[in-house]
Protein chains: 2
Amino acid sequence: MNIGEASKSSGVSAKMIRYYESIGLIPAAGRTVAGYRVYTMTDVQLLRFIRRARDLGFSVEKIEELLALWQDRSRQSADVKQIALEQIAGLEVRIREMQAMMDTLRHLADACCGDHRPDCPILADLVNGPDQGSNGGQDERTPASRSEKAAGLQAH
Amino acid sequence: MNIGEASKSSGVSAKMIRYYESIGLIPAAGRTVAGYRVYTMTDVQLLRFIRRARDLGFSVEKIEELLALWQDRSRQSADVKQIALEQIAGLEVRIREMQAMMDTLRHLADACCGDHRPDCPILADLVNGPDQGSNGGQDERTPASRSEKAAGLQAH
DNA sequence: CTTGACCTTACCATCATGGGAAGCCTTATC
DNA sequence: GATAAGGCTTCCCATGATGGTAAGGTCAAG
């Protein structure tokens, strides 16, 4: 199987397959005389594993751990579960951060009449800060959510 | 005011202030004879604006638009509101994606007894896919959430 | 033998941020 | 006035996972 076919049947792009090989996440594929990478169904299964783990939001680093456990026949399911629970906790944190942003934005957007006039509570909040904002009293944006660095929350 | 003080009173790191200047998000600061950047309270206000917008998850590109509107005295609040609504929509999408991941992971983790034995439904799901997974019937992971590329959902 | 589809490597870009080095400037202390 | 500490400057590199592109080799069908 060439890389294109392995890509199609695993759902991992050829580019990423080569990348995963380069960083050592997967073993180096065999090669034809001409230098083409060759894949077996076992390799495709590995790639599918990676693809599914990515779909669950696991970082490549975590996937490395998961793969190690997968290939360790004497693993303890507790170890796998712990990785999953950490992943859940990480997702929870980021969801909460984004939810806080969304709540604040919703309050501001609700307070903005959105017509032809220039006056806008959204801009007012950005200029003066939430403390001085024309806040009806509902916005409970926590100081913590603002002082944290909101890492990685922009769309790529 | 030197860049260090401007950084402290705006909450934007010196590194980022220089970066924002380099990409044209903020005008080039004045300089002392020795080449040090000099900032006024007006500049700090601008930096605070940016900082707050970042805290709400806006990308630098969107902040550019917001700044343009802010400085446009004949702006229409509807334009500002629209940017905010787009931001809300984007956050909503990403929250939903992460929520879907979390739900799946929770089902899997719940099904994993987490003891010393190697058998683990989490690994089983990763290996065989959700269709073959030992799924009690509650997991409604949608095909869409898996086929989308889950962009930018890993922690930085 | 040509054409088109596929493969290879290598390099660049993303996005916002941090780290570090090498060197200049300012301020405070002795 | 010399010296040390700390702030500032620019420049380069790294992140993480992914896509794009370009230049060139290979394979299979017509």
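Colleague: How do the residues of the surface near DNA strand C divide into nonpolar, polar and charged?

Modeller: They are eight nonpolar, seven polar and six charged. Ala, Val, Leu, Ile, Met, Phe, Trp, Tyr, Cys and Pro count as nonpolar, Asp, Glu, Lys and Arg as charged, and the others, Gly among them, as polar. This is a predicted model, where local features need pLDDT of at least 70, side-chain atom pairs count only at pLDDT 80 or more, and totals for chains, interfaces and linings use all residues. Residues are numbered from 1 along each chain as its sequence is written, with chains lettered from A and ligands numbered from 1 in the order written.

Colleague: Which residues are closest to DNA strand C?

Modeller: Asn2(A), Gly4(A), Arg37(A), Ala34(B) and Ser59(B) are the closest of the 21 that surround the strand; near means a C-beta atom, placed from the backbone, within 6 Å.

Colleague: Which residues of helix 4 of chain A are buried?

Modeller: An α-helix has 3.6 residues a turn, so residues three or four places apart point the same way. Here the buried ones are Ile63(A), Leu66(A) and Trp70(A). They cover an arc (of directions from the helix axis to the C-beta atoms) of only 60°, which puts them on the same side of this helix. On the other side, Glu61(A), Ala68(A) and Gln71(A) are exposed. Buried means 20 or more other C-beta atoms within 10 Å of the residue's own, exposed 12 or fewer, partly exposed in between, with C-beta atoms placed from the backbone. Helices are DSSP runs (H or I, at least four residues), numbered from the N terminus.

Colleague: What turn lays chain B on chain A?

Modeller: A turn of 180°, with a shift of 0.0 Å along the axis and an RMSD of 0.1 Å. That is the relation of a two-fold axis. Copies are superposed by least squares on C-alpha atoms of residues with pLDDT of at least 70 in both.

How values were computed. Helices (H or I, at least four residues) and strands (E, at least two) are DSSP runs, numbered from the N terminus.
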